[in-house]
Amino acid sequence: MPVEIPSMSIMLHRSWWVLLLRGAAAIIFGVLTWMQPVASAAALVLVFGAYVFVDGLLGIYTAIKSRKQSRHWWLVLLWGLTGVIVGVLTAINPAVTALVLTIYIGVWALITGVLQIVAALRLRKEIDGEWILVLGGLLSVLFGIFVLAQPGAGLMAMLWVLATYAVIFGVLMVILAFKIKKVTAI
């Protein structure tokens, strides 16, 4: 008799609060970036690096905690590892140029966006509201493409785009967290 592995929705339901924290972290990052648009490039590097590192750690925590309950845990692990790697690369070289920082941010947004869309497609038969994760993923992909297509754009313009992206994405993750919380665990 085969053992049925619980779905991805169960994995996310058990750690819905992690999605909530990730959304709150994105909103806080975005608002702080709006409030300090003239902050130095070094401060941006440290704030961005800390944000994606913490976001990645929370994703890794969710994946590892759920690896025995969900066969899709590796997707969330890759999502988290991407944030940790980009966070570490950003912290190692705080004097990085705006161009390199722009590329880090663009690659991070593109990879995590694609992984979010894949996760949403796997959730579509398990929960209502998976479109929120698709929308967050599409927003990430579009943001990543925009940033990578315009790496020479001024840091201020990128800061405003990054802050707007983070707040919108954060709001979507908070909404998703509460929707996931309502899912009845099996």
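A single salt bridge is counted in this predicted model. The partners are Arg22 and Asp55, whose side chains meet at 2.8 Å, taken from N to O. Side chains of opposite charge can pair when their charged atoms come close. Here the pairing joins distant parts of the chain, with Arg22 in helix 2 and Asp55 in helix 3, 33 residues apart. Both ends of the bridge lie out of reach of the probe to a good degree: Arg22 is buried, and Asp55 is buried too.

Arg22 also takes part in a second kind of arrangement. Its charged end sits over the ring of Trp79, at 4.4 Å from the ring centre. Arg22 can thus be followed in two directions in the viewer, to the carboxylate-bearing side chain of Asp55 and to the ring of Trp79.The helix that holds Arg22 can be looked at next. Helix 2 consists of 20 residues and reaches 29 Å from its first C-alpha to its last, close to the 28 Å expected at 1.5 Å a residue. The buried residues of helix 2 are Trp16, Val18, Leu19, Arg22, Gly23, Ala26, Phe29, Gly30 and Thr33. One of these, Phe29, leads on to the aromatic side chains.

How many aromatic pairs does a search of the whole structure find? The search returns nine. In one of them, the ring centres of Phe29 and Phe48 are 6.3 Å apart and the planes stand at 55 degrees, so this pair is classed as tilted. The two residues come from distant parts of the chain, Phe29 from helix 2 (residues 16-35) and Phe48 from helix 3 (residues 41-65), with their positions 19 residues apart in sequence. Phe29 counts as buried because its relative accessibility is 4%, below the 20% cut-off. Phe48 is buried as well, with a relative accessible area of 0%.

Phe48 pairs with Trp108 too: the ring centres are 5.7 Å apart and the planes are at 85 degrees, so the geometry is edge-to-face. Since Phe48 lies in helix 3 and Trp108 in helix 5 (residues 98-123), this pair ties together parts that are 60 residues apart in sequence. Trp108 is likewise buried, with a relative accessible area of 2%. Phe29, Phe48 and Trp108 belong to one aromatic cluster, which also includes Tyr51, Phe143, Tyr165 and Phe169.

Phe143, a member of that cluster, is also among the buried residues of helix 6. Helix 6 (residues 130-149) has 20 residues and spans 29 Å from first C-alpha to last, close to the 28 Å expected at 1.5 Å a residue. Its buried residues are Glu130, Ile132, Leu133, Gly136, Gly137, Ser140, Val141, Phe143, Gly144 and Val147.

Three further positions deserve a look. Ser70 is found in the loop between helix 3 and helix 4 (73-92). Is Ser70 buried or exposed? With a relative accessible area of 0%, Ser70 is buried, and its side chain reaches the backbone nitrogen of His72 at 3.1 Å. Leu81, in helix 4, is partly exposed, with a relative accessible area of 35%. The C-alpha atoms of Leu81 and Gly56 are separated by 5.8 Å, although the two residues are 25 residues apart along the chain.

Val183 belongs to the segment after helix 7 (155-182). Which residues does Val183 contact once its neighbours within four places in sequence are left aside? These are His13 and Ile127. Val183 and Arg14 are 169 residues apart in sequence, yet their C-alpha atoms are 9.7 Å apart in space.

Taken as a whole, the protein has seven helices and zero strands, which gives the pattern α-α-α-α-α-α-α along the sequence. Of its 186 residues, 47% count as buried. Among contacts between residues at least 6 apart in sequence, 83% join residues at least 24 apart. The Arg22 and Asp55 bridge, at 33 residues apart, and the Phe48 and Trp108 pair, at 60 residues apart, give two views of how separate helices meet in this model.

How values were computed
Residues numbered from 1 in each chain as written. Predicted model: local features only at pLDDT ≥ 70, side-chain atom pairs only at ≥ 80, totals over all residues. Heavy atoms only, no water. Phe/Tyr/Trp six-rings, centres within 6.5 Å; stacked < 30°, edge-to-face > 60°. Helix = DSSP H or I, 4+ residues; strand = E, 2+ residues; numbered from the N terminus. Buried < 20%, exposed > 50% of the residue type's maximum accessible area, 1.4 Å probe, protein only. Lys NZ or Arg CZ within 6 Å of the ring centre and 35° of its normal. Contact = heavy atoms within 4.5 Å. Polar contact = N/O pair within 3.5 Å; in protein donor to acceptor, adjacent residues only side chain to side chain. Expected span 1.5 Å × (residues − 1). Salt bridge = Lys/Arg side-chain N within 4 Å of Asp/Glu carboxyl O.
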